[in-house]
Amino acid sequence: MKTDNEYLKKAVRLHRENPVVDAHLDLPGEILHRISSGERNIIKNYYLGNWKRAGINLILAAIFIEDAMLPEMGLRNAMNQIAFLKEEIASTDDVMLVKNKKDLEKAVSKNKIGIILYAEGLDFIGKDKSLIRVLYDLGVRGASLTWSRNNLLGTGCCKASESVQKYGGLTSFGMEVVEELERQGMFIDVSHLNDDGFKELCIVARRPFIATHSCSREVYFHYRNLTDEQLKKLAKQGGIVGMNGCRMIVGVSEGENPILKMCEHIEHEVKIMGAEHVGYGFDFCDSYDCARFRRTETEHPDDCLGNHSGIPILTASLLVRGMDEKDVIRIIGKNFVDYFKRNLPEG
């Protein structure tokens with residue numbers, strides 16, 4: 001019988017030999033916070049080593065606008081996040097911006113770390129649908145319509161610190177934006193959309209949408225998580241759900257092992273959707289919060305894994321619990337890579 005250490009060695013090997021993807025990280029906003037505090041080389045100093053230790057090939061970097069920036073400063077804040085992220089990428093070896101299928105193939109085949117830029121909520125476009133094309137030209141390749149708040153496009157779900165049902169779906173403008181996002185070939189993320197909005201998106205969407213960082217509502221009842229019915233609909237139309245790593249979303253009780261709780265979510269999602277529709281989307285928040293509040297460490301950590309270097313431990317736990325190796329390879333990154341090979345522009 002294999003020991004836990006042998007499973008961890010196997011997980012590290014799988015991460016080294018196969019694509020590994022984190023489908024959600026608030027990297028642009030953290031970079032802006034740290035640069036505003038006088039720091040430089042943020043990717044090198046805070047992320048690159050852990051990405052390499054985890055064998056990361058692809059990160060979905062989310063533009064996140066805080067409440068205080070809206071509405072007047074939202075667009076400027078988004079533009080600053082894009083600009084500073086690009087500067088960081090340009091100055092960091094082994095990291096590249098992924099805008100099309102050729103870029104993605106290069107990142108995977110050359111063992112580089114690709115960054116796909118997308119918007120977590122489109123509050124900052126106001127009523128101007130033409131800004132979608134501007135974002136596309138700047139390299140943004142997807143968007144969620146809402147964060148956990150209402151905007152002119154629709155109703156967001158509750159925040160992680162809450163668990164309340166919010167009613168009201170997409171607005172007519174929101175439906176126009178869905179059409180425009182799809183016309184530009186940009187993906188749609190439903191992780192912060194409420195139940196009514198999810199239902200309506202299923203009707204109006206013509207291209208496969210994803211949930212970059214969500215968990216199972218059956219495993220832990222929280223309105224930020226997805227129901228079994230939603231998971232099935234997501235899978236049926238060709239989407240992927242990324243496993244969130246936030247303790248409040250995973251539902252980690254005091255004294256409970258967060259990694260084992262994450263395994264329960266993944267195993268349930270595999271049961272409901274099939275392994276080809278499940279991935280990783282950890283939403284690491286602690287480093288962002290340190291940057292935001294200018295601290296060296298968080299008083300109450302939110303992340304189940306600590307940072308990206310802990311991802312192989314989760315992978316090893318899935319193997320220990322009996323998950324098939326081929327399914328594990330899909331979950332750690334192959335599913336999201338295949339999705340973007342199908343849905344990114346040609347080049």
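This is a dialogue on reading helix packing, sheets and burial in a predicted model.

Colleague: Let us start with helix packing. How do the axes of helix 1 and helix 14 cross?

Modeller: The general idea comes before the case. An α-helix has 3.6 residues a turn, so residues three or four places apart point the same way. Here, helix 1 covers residues 4-17 and helix 14 covers residues 325-343. Their axes come within 10 Å and cross at roughly 55°. Helix 1 and helix 14 are therefore oblique to each other, and their crossing is right-handed.

Colleague: Which residues of helix 1 and helix 14 meet?

Modeller: On the side of helix 1 they are Lys 10, Arg 13, Leu 14 and His 15. Helix 14 brings Glu 325, Val 328, Ile 329 and Ile 332. Sorted by class, the residues of this contact are four nonpolar, one polar and three charged.

Colleague: How do helix 5 and helix 14 pack?

Modeller: The angle is about 150°, and the axes are 9 Å apart. Angles over 145 degrees count as roughly antiparallel, and helix 5 and helix 14 are therefore described that way. This crossing is left-handed. Lys 101, Leu 104 and Val 108 of helix 5 touch Val 337, Phe 340, Lys 341, Arg 342 and Asn 343 of helix 14. The contact of helix 5 with helix 14 has four nonpolar, one polar and three charged residues.

Colleague: What is the angle between helix 2 and helix 4?

Modeller: The axes of helix 2 (residues 27-36) and helix 4 (residues 74-90) cross at roughly 85° and come within 8 Å. The two helices are therefore roughly perpendicular to each other. Helix 2 contributes Leu 27, Pro 28, Gly 29, Ile 31, Leu 32 and Ile 35 to the contact, and helix 4 contributes Asn 77, Asn 80, Gln 81, Phe 84, Leu 85 and Glu 88. By class, that makes seven nonpolar, four polar and one charged.

Colleague: Now burial. How many residues of helix 13 are buried?

Modeller: A residue counts as buried when its relative accessible area is under 20%. In helix 13 (residues 311-320), eight of the 10 residues are buried, so the helix is largely enclosed by the rest of the structure. They are Ile 311, Pro 312, Leu 314, Thr 315, Ala 316, Ser 317, Leu 318 and Leu 319. What they pack against is helix 1, helix 3 (42-54), helix 11 (258-273), strand 9 (278-280) and helix 14. After helix 13 comes Gly 322, with a positive phi near 100°.

Colleague: Next, sheets. In what order do strands 7, 8 and 9 lie, and is the pairing parallel or antiparallel?

Modeller: In general, strands of a sheet pair through backbone hydrogen bonds, either parallel or antiparallel. In this case the three strands form an open sheet in the order 7-8-9, with parallel pairing. Strand 7 (211-214) and strand 9 are at the edges with a single partner strand each, so one side of each has no neighbour in the sheet. From one strand to the next, the twist averages 40°. Strand 7 is joined to strand 8 (residues 241-243) by two bridges, and Ser 214 is opposite Met 243 in strand 8. Helix 14 packs on this sheet, touching strand 8 and strand 9, and its direction makes about 95° with that of strand 9.

Colleague: How many residues of strand 4 are buried, and which way do they point?

Modeller: Eight of the eight residues of strand 4 (residues 113-120) are buried. Ile 113, Ile 115, Leu 117 and Ala 119 point one way, and Gly 114, Ile 116, Tyr 118 and Glu 120 point the other way. Strand 2 (residues 58-63) runs parallel to strand 4 and is joined to it by six bridges; there, Ala 62 has Tyr 118 as its bridge partner. Strand 3 is also parallel to strand 4, with three bridges, and Leu 97 has Ile 115 as its bridge partner.

Colleague: Last, a single residue. Where is Lys 99 found, and what is it in contact with?

Modeller: Lys 99 is in the loop between strand 3 (95-97) and helix 5 (101-109). Its relative accessibility is 35%, so Lys 99 counts as partly exposed. Leaving aside neighbours within four places in sequence, Lys 99 is in contact with Gly 139, Arg 141, Leu 344 and Pro 345. Lys 99 and Glu 346 are 247 residues apart in sequence, yet their C-alpha atoms are 9.2 Å apart in space.

How values were computed:
Residues numbered from 1 in each chain as written. Predicted model: local features only at pLDDT ≥ 70, side-chain atom pairs only at ≥ 80, totals over all residues. Heavy atoms only, no water. Axes fitted to C-alpha atoms, helices over the stretch in contact; angles between N-to-C directions. Helix = DSSP H or I, 4+ residues; strand = E, 2+ residues; numbered from the N terminus. Parallel < 35°, antiparallel > 145°, perpendicular 65-115°, else oblique. Left-handed = near helix turned anticlockwise from the far one by under 90°. Contact = heavy atoms within 4.5 Å. Nonpolar A, V, L, I, M, F, W, Y, C, P; charged D, E, K, R; others polar. Buried < 20%, exposed > 50% of the residue type's maximum accessible area, 1.4 Å probe, protein only. Pairing = 2+ DSSP bridges.
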